[in-house]
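Reader: I should like a close look at a single part of this model, beginning from one helical residue. Please then set that part in the context of the rest of the chain, in one connected account.

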Amino acid sequence: MEPDSPLFNVGQEMATFLLSSGVVSKAWEESRLASNSESFTLNEYEGVAYVAFPSFHNFEDFIVRGRKYGEGNIQADNKIFSDCLKGNDDQPALVHQGALKLFSHILEKTNFKTKLHMYTDSTQRKLKPIIFVGHSLGGAVATLATLWVLEKRLRQSSPFCITFGCPLVGDESLVKVVGRENWAGNFCHVVSKHDIVPRMLLAPFESIAGALVTIFPYWQGKVKYSSIQDACRKHLNLVLDSLRESDVKSPYRPFGTYMFCSSNGAACIENSETVLKMLSWTMQRQKASSGEIVQDCFSEHIGYGSVLKNVIEKSFSGKRFANPESASFYEMGISLQLEAIGVGVQDDAARIALRTAGEAENERNTNVEELAIRLGQKQCNMAELEWYKERCEKENGIVYYDSFKNQTDKKDIDANRRRLKLAEFWDDIIEMWEKHELPSDFESQNKWINAGTAYRRLVEPLDIAFYYRTCKGNGNYLSDGRPNRHKVLQKWMEEKEKTRSSRSQGPRSKRASLTQDSCFWAHVEEAWKDLENLKRGQHQRLQNLEKFEEYVTTMEKTHSISADVFMQGSSFMMWWEEWKEYKKNQSLEWRSPLYKIMEGLGGLKLQVI
């Protein structure tokens with residue numbers, strides 16, 4: 001099925017837009033001017049701040065020893081980045097340690113933070129746009145600097161990053177983070193057809209490091225090409241050998257928009273897998289036996305001024321070379337992309353890759369549209385459960401958690417049916433997400449985070465009640481029974497809260513309508529078991545109960561517990577009375593922070609607010 005919105009039809013249009021805006025050309029100019037800097041430059045032009053990093057300064061620090069690919073934890077030992085930069089598997093992202101060392105030096109040994117403050121201080125009335133730019137190793141530093149600003153949530157408006165001939169920086173986990181946080185649009189990487197550097201880290205770094213040390217002086221203009229020909233040929237062959245393998249073993253993966261440039265023009269690709277394939281295929285089409293091609297792979301790395309001049313002329317000329325007899329506009333769009341990239345319209349593998357990526361993206365978007373329709377339909381079930389909660393409290397004077405656990409009324413049975421329907425819907429969503437059948441930023445979209453959080457806070461108490469009703473006290477919901485959907489939805493919310501917390505949200509001023517911790521009743525159930533065991537002489541349970549008291553105290557102080565929890569006769573209130581009696585028997589002088597809170601609640605324990 002041909003995609004309704006041919007993504008790759010617009011690749012050339014995106015490139016033309018970026019080139020015509022003048023921003024890319026200005027970014028290259030600033031990158032070139034920064035080559036004489038020892039750390040970074042900051043210049044304003046037409047109301048935009050350009051922060052540029054030098055291409056090859058301190059290149060010795062980029063050389064990593066002792067690691068096959070030069071990779072390492074992005075947090076490393078310097079704690080520049082927080083632990084929020086983790087993939088969907090909760091593993092920290094990996095980055096090239098040489099690039100991280102270069103950025104770390106600038107961050108910690110220069111006035112970078114001070115200079116940047118006036119552009120990131122959220123108290124400023126109007127922040128100027130900021131663009132991080134860099135060529136070669138400077139591009140890797142610019143990428144990390146942009147991630148640093150984004151991850152620290154230093155600005156209300158996001159920075160932008162433009163690189164030229166930048167080596168790959170991070171692994172698949174970092175790609176997931178960038179997609180999840182919707183940061184991919186903040187990066188534009190300009191890559192020339194023959195440039196070796198954007199591809200070089202696909203080969204083991206330990207094998208190319210020696211050749212790089214020889215080649216760097218040529219890029220710095222200190223030696224002639226004739227003196228490093230052998231090193232260039234060796235370096236290229238090592239990269240080509242890695243690219244010819246069926247699976248790319250290197251951990252590094254591209255993210256952001258890649259603008260591929262050739263003598264035919266330029267085109268943009270955003271899909272990470274497709275970019276990786278294009279980086280590979282455009283290089284594999286070269287023959288290392290050709291001295292001219294070998295030289296191009298290294299000379300083009302320092303010739304982006306000429307590359308940009310050519311693609312700008314081609315973009316403005318409006319020429320199209322694709323076969324007019326293409327089967328459809330979509331196929332013609334793919335042909336135009338291939339020509340602009342310099343792969344060639346007859347390259348079936350590249351054509352299939354572009355088509356597959358377009359169809360996959362279209363399918364993911366279609367899946368979201370269908371889920372949105374289903375979500376609207378499921379709101380009826382949510383509304384029915386909200387009504388069920390209200391009826392339990394007003395008609396029966398009982399918390400809906402306890403009513404559902406007891407299952408003594410027809411409305412409890414009806415609530416269970418709706419609970420199961422909602423569980424099926426959210427299980428489907430989680431399964432599709434885990435299979436990568438949804439857009440990469442799906443879990444960061446407010447619509448789904450808010451819907452998932454509302455579902456979890458209303459319905460998970462019913463899942464907990466069902467668990468403890470059926471397990472007869474022989475299990476622990478928190479460690480053994482919690483469904484994966486609730487864990488994933490909670491993780492999505494917590495990741496988003498890191499963003500929201502940066503926007504100076506004040507503390508809650510009113511009591512929550514639904515208890516904010518959807519596992520609250522599981523904690524209550526475990527507290528009941530701990531109290532019973534404590535009475536039987538298992539004194540080690542005392543610590544658990546005191547921790548539970550602290551947990552409830554903190555929740556109540558932040559207005560995070562809904563009023564129904566304190567209804568007379570609720571499971572929590574019955575536990576409290578038992579716990580209070582136990583503590584009073586131990587010491588008449590006992591007065592804990594929670595005791596004082598509970599005594600002060602007064603009429604709240606007798607009615608629902």
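**A lysine and its wider setting**

Author: Lys309 belongs to helix α12, which covers residues 304–317. The model that holds this residue is a predicted one. Lys309 counts as exposed because its relative accessibility is 57%, and the cut-off for that class is over 50%. Its place in sequence and its place in space can be set side by side: Leu19 is 290 residues away along the chain, yet the C-alpha atoms of Lys309 and Leu19 are separated by 9.8 Å.

That pairing across the sequence may be read beside a figure for the protein chain. Among contacts between residues at least 6 apart in sequence, 76% join residues at least 24 apart. The protein chain contains 23 helices and nine strands. Of its 609 residues, 55% count as buried. The chain exposes about 27500 Å², of which carbon and sulfur atoms supply 47%.

Two strand residues serve to contrast with the exposed lysine. Cys188 is part of strand β7, residues 187–192, and it counts as buried because its relative accessibility is 1%. Ile162 stands 26 residues from Cys188 in sequence, while the two C-alpha atoms are 4.9 Å apart in space. With neighbours within four places in sequence left aside, Cys188 is in contact with Leu18, Phe160, Cys161, Ile162, Thr163, Thr257 and Met259. Thr257, one of these partners, is placed in strand β8, residues 257–262. At 7% relative accessibility, Thr257 is likewise under the 20% limit and therefore counts as buried. Under the same exclusion of sequence neighbours, the contacts of Thr257 include Met14, Ala184, Phe187, Cys188 and His189, together with Cys268, Ile269 and Glu270.

A helix later in the chain also has a buried side. Helix α20 runs over residues 520–535, and its 16 residues reach 23 Å from first to last C-alpha, close to the 22 Å expected at 1.5 Å a residue. Its buried residues include Phe520, Trp521, Val524, Leu531 and Leu534, and also Glu525, Glu526 and Asp530. The buried residues of α20 pack against α15 (400–406), α17 (446–471), α18 (477–481), α21 (541–557) and α22 (571–586). Just after the helix, Gly537 adopts a positive phi of about 105°.

Positive phi values are found at two loop residues that are not glycines. Glu46, in the loop between β1 (41–45) and β2 (48–53), has a phi of about 50°. At 69% relative accessibility, Glu46 counts as exposed. His436 has a phi of about 60° and sits in the loop between α16 (410–434) and α17. Its relative accessibility of 44% is why His436 counts as partly exposed.

There remains the empty space inside the model. The structure holds six cavities of 30 Å³ or more. The second largest contains about 100 Å³ of space. Fourteen residues line this cavity, and those closest to its centre are Pro54, His57, Leu102, Ile106 and Val141. Helices α3 (97–109) and α5 (137–152) are the elements that give two or more residues to the lining. By class, that lining has seven nonpolar, six polar and one charged residues.

Key:
Residues are numbered from 1 along each chain as its sequence is written. This is a predicted model: local features need pLDDT of at least 70, side-chain atom pairs count only at pLDDT 80 or more; totals for chains, interfaces and linings use all residues. Side-chain values use heavy atoms; hydrogens and water are left out. On a 1 Å grid over the protein atoms alone, a cavity is a set of points where a 1.4 Å probe fits but cannot get out, and a pocket is an open set with protein on both sides within 12 Å along at least five of seven lines; lining residues have an atom within 4 Å of a point. Grid points are joined across faces, edges and corners, and a volume is the space filled by probe spheres set on the points. Helices (H or I, at least four residues) and strands (E, at least two) are DSSP runs, numbered from the N terminus. Ala, Val, Leu, Ile, Met, Phe, Trp, Tyr, Cys and Pro count as nonpolar, Asp, Glu, Lys and Arg as charged, and the others, Gly among them, as polar. Buried means under 20% relative accessible area, exposed over 50%, partly exposed in between (1.4 Å probe, protein chains only). Contact means heavy atoms within 4.5 Å. Accessible areas come from the Shrake-Rupley method with a 1.4 Å probe; for residues, only the protein chains shown count as cover. The expected span of a helix is 1.5 Å times one less than its number of residues.
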